[in-house]
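User: I would like a close look at a single part of this structure, namely one aromatic residue and its surroundings. Please explain how its side chain is placed and which contacts are found around it.

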Amino acid sequence: MSECAFFLELDSLPVIVTGGGEKALNKAGILAEAGAEVSCWSRDFIPGFADLQKLYPDKLGFVRGELTPELLLHLIHGPARPFCLVAASEDPEADLALSQICREEKIPCIREGRDTDSSLARLIDRGELSFAVAAKHLPELEELWHSRLERELPQEWLQGSAELLAYAESPEVQKLHPDFRERELHDISAAMLDCNGRFEAALAKYEAQKKRAFF
């Protein structure tokens with residue numbers, strides 16, 4: 001999909017922001033300051049939204065509910081004024097679904113981008129990288145999962161990730177204390193970010209760091 005940067009005249013333009021977390025709060029603040037009429041959709045909102053509403057009481061509104069694809073289509077084809085959408089929730093799949101509808105219906109939409117490294121880093125922080133690698137090879141998983149994993153684990157990571165999984169399942173590693181094993185796999189996974197997914201290079205880096213820690 002081709003993309004380009006563009007400017008919108010925001011004065012009194014209705015903007016829907018999906019999400020109630022930090023990303024959505026940041027976007028809503030920028031838009032309200034620029035003069036847009038911002039409607040924030042989410043089941044829950046972090047406290048910062050209340051503070052933001054005090055600053056822009058006439059520009060910021062809330063809808064406590066999820067903007068589903070069905071609701072979005074209803075708004076697009078209903079009597080509402082033209083609007084643009086900022087998809088900034090904590091659910092990338094939901095944001096993607098909304099942005100696809102906007103593209104098909106010719107509605108301006110901005111979707112929160114995610115670079116590969118930060119996405120992988122979040123997987124590592126949650127301890128899910130090994131699970132993601134294993135799930136990659138399970139055809140019975142639904143197609144939605146596989147499409148997500150394709151984004152989380154780009155092609156150049158597949159070999160190294162498979163090697164990481166084999167290492168994690170090796171008898172030597174399985175004999176380690178669970179806490180130490182989890183820490184070791186976390187550190188090796190983190191080193192893979194610096195080694196562009198190459199497991200052997202990441203393992204060597206981890207071993208060198210561990211060795212320095214003992215001296």
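Analyst: In this predicted model, Phe45 has a relative accessible area of 15% and is therefore buried, since the cut-off for that class is under 20%. Its partner Phe62, by contrast, has a relative accessibility of 31% and counts as partly exposed.

The structure holds four aromatic pairs. In the pair formed by Phe45 and Phe62, the ring centres are 5.0 Å apart and the planes meet at 70°, so the arrangement is edge-to-face; planes over 60 degrees apart fall into that class. Phe45 belongs to the loop between strand 2 (37-42) and helix 2 (48-55), while Phe62 belongs to strand 3 (residues 60-64), so the pair ties together parts that are 17 residues apart in sequence. Phe49 joins these two residues, and ring pairs link Phe45, Phe49 and Phe62 into a cluster.

The loop that holds Phe45 also takes part in a charged contact. Arg43 lies in the loop between strand 2 and helix 2, and Glu66 lies in the loop between strand 3 and helix 3 (69-77). Their side chains meet in a salt bridge, with a distance of 3.5 Å from N to O. Because Arg43 and Glu66 sit in these two loops, the salt bridge ties together parts that are 23 residues apart in sequence. Arg43 has a relative accessibility of 57% and counts as exposed, whereas Glu66, at 39%, is partly exposed.

For comparison, another aromatic pair may be considered. The rings of Tyr167 and Phe199 have their centres 5.5 Å apart and their planes at 50°, so this pair is tilted. Tyr167 is in helix 8 (residues 158-168) and Phe199 is in helix 11 (residues 199-213), and the pair links distant parts of the chain, 32 residues apart. Both Tyr167 and Phe199 are buried.

The count of salt bridges in the structure is two. Besides the one between Glu66 and Arg43, there is a salt bridge between the side chains of Arg183 and Asp187, at 2.7 Å from N to O. Arg183 and Asp187 are four residues apart in helix 10 (residues 178-194), which means that about one helical turn separates them. Arg183 is partly exposed at 45% relative accessibility, and Asp187 is partly exposed at 26%.

Methods
Residues are numbered from 1 along each chain as its sequence is written. This is a predicted model: local features need pLDDT of at least 70, side-chain atom pairs count only at pLDDT 80 or more; totals for chains, interfaces and linings use all residues. Side-chain values use heavy atoms; hydrogens and water are left out. Rings of Phe, Tyr and Trp (its six-membered ring) pair if their centres lie within 6.5 Å; planes under 30 degrees apart count as stacked, over 60 as edge-to-face and the rest as tilted. Buried means under 20% relative accessible area, exposed over 50%, partly exposed in between (1.4 Å probe, protein chains only). A salt bridge is a side-chain nitrogen of Lys or Arg within 4 Å of a carboxyl oxygen of Asp or Glu.
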